[in-house]
Amino acid sequence: MVQSEMKLSHPDHLVLAYCRAMMCFTLFQPQPAHIVMVGLGGGSLAKFCHRYLPQARITVLELRADVIALREQFAIPPDDERLTIIHADAAHYLRQLRGSADVLLVDGFDELGLPAALGTAAFYADCRRALRPGGVLATNIFSYDPAYGTMLRRLRHAFGGRICTLRGVAGNNRIWFAVQGAQPSPALAMQRRLARRLSLPWLNRLWASWIVWKLRTAPL
């Protein structure tokens with residue numbers, strides 16, 4: 001199973017479809033000031049956001065020190081005023097991030113899949129509290145995870161039903177988006193539009209690729 005992939009010639013390109021799908025968070029938050037990521041892995045999302053969202057401060061929470069130790073081999077930039085990689089258990093660390101993030105990306109897989117701690121009702125409640133009003137959570141869940149239905153119900157409950165997905169955009173990786181707050185906001189309006197869509201999977205895949213292309217070609 002491939003969980004991360006990088007082009008040596010273009011280290012900050014998004015090779016895997018699920019990474020491009022997760023970047024659809026920019027439909028809800030096109031100019032986030034603070035992005036929090038759960039899981040570093042090969043750093044694909046961290047590298048892309050660091051380069052193509054220059055206005056954003058990025059905090060990455062990674063449980064394993066050995067993964068962080070490989071950051072140079074995966075061409076992940078050093079920590080600076082915009083990028084901070086923290087060796088921490090996100091299930092505990094998120095509790096202190098009250099109203100801190102515009103975007104929260106949950107992609108904390110290990111060799112067995114998504115750890116149970118990243119799919120509990122308490123974890124999703126902490127995610128909601130970590131977001132600012134109108135903030136968006138993008139979470140990656142395997143469709144064949146035995147707890148998939150349970151996690152989805154917990155996510156829906158934590159965010160008051162304000163969740164949606166782009167059907168068929170990344171195979172067995174199901175990317176769900178959840179919006180914080182019931183008050184009118186551009187993010188909530190987008191969520192409601194997407195929840196009503198009956199678009200074709202192949203169209204969603206093209207849409208995700210177009211969003212990434214647009215970010216890459218926009219003036220920095």
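Buried means under 20% relative accessible area, exposed means over 50%, and partly exposed lies in between (1.4 Å probe, protein chains only). Helices (H or I, at least four residues) and strands (E, at least two) are DSSP runs, numbered from the N terminus. The model you see is predicted: local features need pLDDT of at least 70, side-chain atom pairs count only at pLDDT 80 or more, and totals for chains, interfaces and linings use all residues. Residues are numbered from 1 along each chain as its sequence is written, and side-chain values use heavy atoms, with hydrogens and water left out.

**View 1. Helix 2, largely enclosed by the rest of the structure.** Let's begin with a helix that has plenty of cover. In helix 2, 8 of the 9 residues are buried, so the rest of the structure largely encloses this helix. Its buried residues are Ser44, Leu45, Ala46, Lys47, Phe48, Cys49, His50 and Tyr52. Which elements help to cover them? Helix 1, strand 1 (34-38), strand 2 (57-62), strand 3 (83-87), strand 4 and helix 8 are included in the cover, where contact means heavy atoms within 4.5 Å.

**View 2. Strand 1 and its parallel neighbour, strand 2.** Strand 1 is mostly covered, with 5 of its 5 residues buried. His34, Val36 and Val38 point one way from this strand, while Ile35 and Met37 point the other way. Strand 1 runs parallel to strand 2, and 5 bridges join them; two strands pair if DSSP finds at least two bridges between them. To follow one bridge yourself, find Val38 and its partner Leu61 in strand 2.

**View 3. A salt bridge between Arg51 and Asp12.** Side chains of opposite charge can pair when their charged atoms come close. A salt bridge is a side-chain nitrogen of Lys or Arg within 4 Å of a carboxyl oxygen of Asp or Glu. By this rule, the count comes to 6 salt bridges. In the one shown here, the closest N and O atoms of Arg51 and Asp12 are 2.7 Å apart. Arg51 lies in helix 2 (residues 44-52) and Asp12 in the segment before helix 1 (17-22), so this pair ties together parts that are 39 residues apart in sequence. Arg51 is partly exposed, with a relative accessible area of 44%, whereas Asp12 is buried at 11%.

**View 4. More salt bridges to look for.** Asp102 and Arg132 meet through their side chains at 2.8 Å, N to O. This pair links distant parts of the chain, with Asp102 in strand 4 (residues 101-106) and Arg132 in strand 5 (residues 131-142), 30 residues apart. Is Asp102 buried or exposed? Asp102 counts as buried, at 11% relative accessibility, while Arg132 is partly exposed at 28%. Asp79 and Arg71 also form a salt bridge (3.1 Å, N to O). Here Asp79 counts as partly exposed, at 38%, and Arg71 as buried, at 15%. Finally, look for the network of salt bridges that links Arg95, Asp126 and Arg129.

**View 5. The second largest pocket.** This pocket has a volume of about 300 Å³. Among the 16 residues that line it, Thr26, Pro30, Gln31, Lys214 and Leu215 are the closest to its centre. Helix 8 (residues 201-217) gives the largest share of the lining, 4 residues. On a 1 Å grid over the protein atoms alone, a pocket is an open set of points where a 1.4 Å probe fits, with protein on both sides within 12 Å along at least five of seven lines; lining residues have an atom within 4 Å of a point.

Note on methods. Points joined across faces, edges and corners; volume = space filled by probe spheres on them.
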